[in-house]
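Visitor: Before I accept labels such as buried, exposed, cavity or pocket, I would like to hear the grounds for each. Can we go through them in turn?

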Amino acid sequence: RTVTALATVLIGVGGEGPISPLGINLPNAQYIREKYGSKNFILTNVSSIMHKLHAEKATKEFALTEEEIELDRLWGEKADLLETTLHEILGHGSGKTSEKLTKDPHEYLKEFYSSLEEARADLLALWHIFDEKLAEIAGIDKKCGEALYNYYARADLLRLRAVKTGDRLEKDHARARHMIVSYLMEKTGAIEAVEKGGKVYLRVTDIPRMRQGIGELLSLIMRIKAEGDYEEAKKLVEKYGIKINTKWRDQVVKRAEAIDLPDHYAFVMPELEPVRNSQGTIVDVKISYPLDF
């Protein structure tokens, strides 16, 4: 049983203070998910403002065509929110392990578990964005899915701006996205690198073929997790998820700096002070922003 809440963040403190996630999925233990279900919180206003902050700048610079830019303008924010929601609910909340496993899958897959799990969640979102029932419930059409596929390819290139040195990705979310895009480029040809005006772009060339490749990779990762197949996990992550093209990275860093696009975002959280009447009842709340980065 999955319980999902669409939440508006009023204030974040501690680890959820200035650097906020887009969504939260609990618990992490596979056996608890299978037996009892999971709980998900989708932080809708965080997702919305994150998209607004970078979408226009990034899309204009890293989308190859005006059609891509217009697609993102019309559907980008909706696609972004749906991707996060599907990632948390269907992605992390799904799956069943083999009866042969006596421990949680992360104990078998070790250092590759988190990268594969984030990829699995992304793939489930990418697959289901074209589901007819979802389209009916969410009030979307296939253009929303096309916007997500185009954005997903661009975002892998764009993420390189945060890797200033070296030729490796270290963060699990980054490895997951890079693994998916690299796999699709090699296996399906549905994403291709294009040079134009001295700049590199990642362009989606075939939506149906891309979705087919997504389904194939999803099936593979589902099996790897279900069976705790360490060797296959290692092969997949090391081949597709870690190494980056440093020439592309150097170019992306310069392009991001030119449009003043930051590597990360932090939020100035407010301080809330209750206002009471003469009887001590709270009648209002004062909001101030004393935090200064």
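Visitor: Which helices and strands each supply at least two residues of the lining of the largest pocket?

Guide: This is a predicted model. The elements that each give at least two lining residues are β2 (23-26), α2, α3 (66-92), α5 (113-128), α7 and α8 (172-187). The largest share comes from α3, with six residues.

Visitor: What makes up that lining by class, and what is the volume of the largest pocket?

Guide: The volume is about 1500 Å³. Of the 45 residues in the lining, Leu22, Met50, Arg159, His173 and Ala174 are the closest to the pocket's centre. By class, the lining holds 17 nonpolar, 13 polar and 15 charged residues.

Visitor: Which elements supply at least two residues each to the lining of the second largest pocket?

Guide: Here they are α3 and α6 (132-138). The second largest pocket has a volume of about 300 Å³. Its lining counts 14 residues, and the closest to its centre are Leu82, Thr85, Leu86, Leu134 and Ala138. Helix α3 gives the most to this lining, seven residues. The classes come to nine nonpolar, two polar and three charged.

Visitor: What makes a space a cavity and not a pocket?

Guide: The test is whether a 1.4 Å probe that fits there can get out: in a cavity it cannot, whereas a pocket is open. One cavity of 30 Å³ or more is found in the structure. The volume of the largest cavity is about 70 Å³.

Visitor: Which residues line the largest cavity, and which helices do they come from?

Guide: The lining consists of His51, His54, Ala55, Ala58, Thr59, Phe62, Asp72, Tyr151, Arg154, Ala155 and Leu158. Helices α2 (44-62) and α7 (142-158) each supply at least two of the lining residues. The greatest contribution is from α2, with six residues. Six residues of this lining are nonpolar, three polar and two charged.

Visitor: Why is the protein called as compact as a globular protein of its length?

Guide: The protein contains eleven helices and seven strands. Its radius of gyration is 20 Å, and the globule rule gives 19 Å for 293 residues; the two are close, so the protein is as compact as a globular protein of that length. Along the principal axes, the C-alpha trace spans about 70 × 55 × 40 Å.

Visitor: What share of the contacts joins residues 24 or more positions apart?

Guide: Among contacts with a separation of 6 or more, that share is 73%. As for burial, 45% of the 293 residues count as buried. The protein exposes about 15700 Å², with carbon and sulfur atoms supplying 53% of that area.

Visitor: Why is Gly228 called buried?

Guide: Buried means under 20% relative accessible area. Gly228 has 12% relative accessibility, so Gly228 counts as buried. Gly228 sits in the loop between α9 and α10 (230-240). Apart from neighbours within four places in sequence, its contacts are Leu101, Tyr108 and Leu109. The C-alpha atoms of Gly228 and Phe62 are 38 Å apart, with their positions 166 residues apart along the chain.

Visitor: Why does Glu227 count as partly exposed?

Guide: Partly exposed covers the range between the cut-offs of 20% and 50%. Glu227 is at 44% relative accessibility, and therefore counts as partly exposed. Glu227 belongs to helix α9 (residues 207-227). Its C-alpha atom is separated by 27 Å from that of Met185, 42 residues away along the chain.

Visitor: Why does Lys110 count as exposed?

Guide: Exposed means over 50%. Lys110 has a relative accessibility of 53%, so Lys110 counts as exposed. Lys110 lies in the loop between α4 (105-109) and α5.

Visitor: How do you know that Asp260 is exposed?

Guide: The cut-off is again over 50%. Asp260 has a relative accessible area of 58%, so Asp260 is exposed. Asp260 is in the loop between α11 (246-258) and β6 (271-276).

Visitor: What makes the phi of Lys110 worth listing?

Guide: Most residues other than glycine have a negative phi. Lys110 is not a glycine, yet has a positive phi of about 50°. Asp260, also not a glycine, has a positive phi of about 60°.

Definitions and conventions. Residues are numbered from 1 along each chain as its sequence is written. This is a predicted model: local features need pLDDT of at least 70, side-chain atom pairs count only at pLDDT 80 or more; totals for chains, interfaces and linings use all residues. Side-chain values use heavy atoms; hydrogens and water are left out. On a 1 Å grid over the protein atoms alone, a cavity is a set of points where a 1.4 Å probe fits but cannot get out, and a pocket is an open set with protein on both sides within 12 Å along at least five of seven lines; lining residues have an atom within 4 Å of a point. Grid points are joined across faces, edges and corners, and a volume is the space filled by probe spheres set on the points. Helices (H or I, at least four residues) and strands (E, at least two) are DSSP runs, numbered from the N terminus. Ala, Val, Leu, Ile, Met, Phe, Trp, Tyr, Cys and Pro count as nonpolar, Asp, Glu, Lys and Arg as charged, and the others, Gly among them, as polar. The radius of gyration is taken over C-alpha atoms; the globule rule is 2.2 Å times the number of residues to the power 0.38. Buried means under 20% relative accessible area, exposed over 50%, partly exposed in between (1.4 Å probe, protein chains only). Contact means heavy atoms within 4.5 Å. Accessible areas come from the Shrake-Rupley method with a 1.4 Å probe; for residues, only the protein chains shown count as cover.
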